[in-house]
Amino acid sequence: MPISPEFLDGKLRELKAAFPHAGDFCFFTDIDNLPSIFAVGALLSRNRAMEGGLVRNDCASASVLTNTPPWVRDYVRLYFAPKTPMLYHVEGLKRRADDWPECPIPVYLSFHSDV
């Protein structure tokens, strides 16, 4: 579903009013997923990336996805800062099994907003 620039600008202005540090956005994934992102030339929603077989290492938490409304998977998940709580659970190779996926080599793509 396309989002109009006006809608996005309005939402960014709301976020900046509520969170003054907002403005730069980060997207993280495992390094194995970068080639498909670069080949497509865009970030795709989780649903589109999975349908297209573009995810080599799925770093998403099943428990987080279960508790997230289904429509969220039709959008790209961006963060305001690189230190997301989820990354603390998934970053690196696991020494012991837990309920979180593994993201051995996380990479960040950073985007700046002029709003």
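F28 and Y79 are both buried, and they are a good place to start looking at this predicted model. Their rings form a tilted aromatic pair, and ring pairs join F28, Y79 and Y108 into a cluster. From there we can move to the nonpolar cores, a surface patch and the confidence of the prediction.

**The aromatic cluster**

- Three aromatic pairs are counted in total.
- In the pair of F28 and Y79, the ring centres lie 5.8 Å apart and the planes meet at 35 degrees, which is classed as tilted.
- This pair links distant parts of the chain: F28 sits in strand β1 (residues 24-30), while Y79 belongs to the loop between α4 (62-66) and α5, 51 residues apart.
- F28 also pairs with Y108, again in a tilted arrangement, with 5.9 Å from centre to centre and 45 degrees between the planes.
- Y108 lies in strand β2 (residues 106-112) and F28 in strand β1, so their pair ties together parts that are 80 residues apart in sequence.
- Is F28 buried or exposed? F28 counts as buried because its relative accessibility is 9%, under the 20% cut-off.
- Y108 has a relative accessibility of 30%, so Y108 counts as partly exposed, a class that runs between 20% and 50%.

**Nonpolar cores**

- Which residues make up the largest nonpolar core? Its seven members are F28, C59, Y79, M86, L87, V90 and C103.
- Helix α5 gives the most to this core, with three residues.
- A second core, separate from the largest one, has five residues, among them F27, L34, V107 and L109.
- F28 and Y79 therefore appear in two settings here: they form an aromatic pair, and both belong to the largest nonpolar core, whose members are buried by definition.

**A nonpolar patch on the surface**

- On the surface, I3, F7 and L8 form a nonpolar patch, and together they have about 280 Å² of accessible area.
- L8 is part of helix α1 (residues 5-18).
- With a relative accessible area of 44%, L8 is partly exposed; this value is over the 30% that residues in such a patch must exceed.

**Confidence of the prediction**

- The protein chain has an average pLDDT of 83, and 91% of the residues score at least 70.
- Which elements have the lowest and the highest mean pLDDT? Helix α5 (residues 85-90) has the lowest, at 77, and helix α2 (residues 34-40) has the highest, at 95.
- Keep the value for α5 in view when you look at the largest core, since α5 is the element that gives the most residues to that core.

Definitions and conventions: Residues numbered from 1 in each chain as written. Predicted model: local features only at pLDDT ≥ 70, side-chain atom pairs only at ≥ 80, totals over all residues. Heavy atoms only, no water. Patch = residues over 30% accessible without salt bridge, like charges linked within 9 Å, V, L, I, M, F, W, Y side chains within 5 Å. Areas by Shrake-Rupley, 256 points an atom, 1.4 Å probe, with all protein chains shown as cover. Salt bridge = Lys/Arg side-chain N within 4 Å of Asp/Glu carboxyl O. Helix = DSSP H or I, 4+ residues; strand = E, 2+ residues; numbered from the N terminus. Buried < 20%, exposed > 50% of the residue type's maximum accessible area, 1.4 Å probe, protein only. pLDDT = per-residue confidence, 0-100. Core = buried A, V, L, I, M, F, W, Y, C linked by side-chain atoms within 4.5 Å. Phe/Tyr/Trp six-rings, centres within 6.5 Å; stacked < 30°, edge-to-face > 60°.
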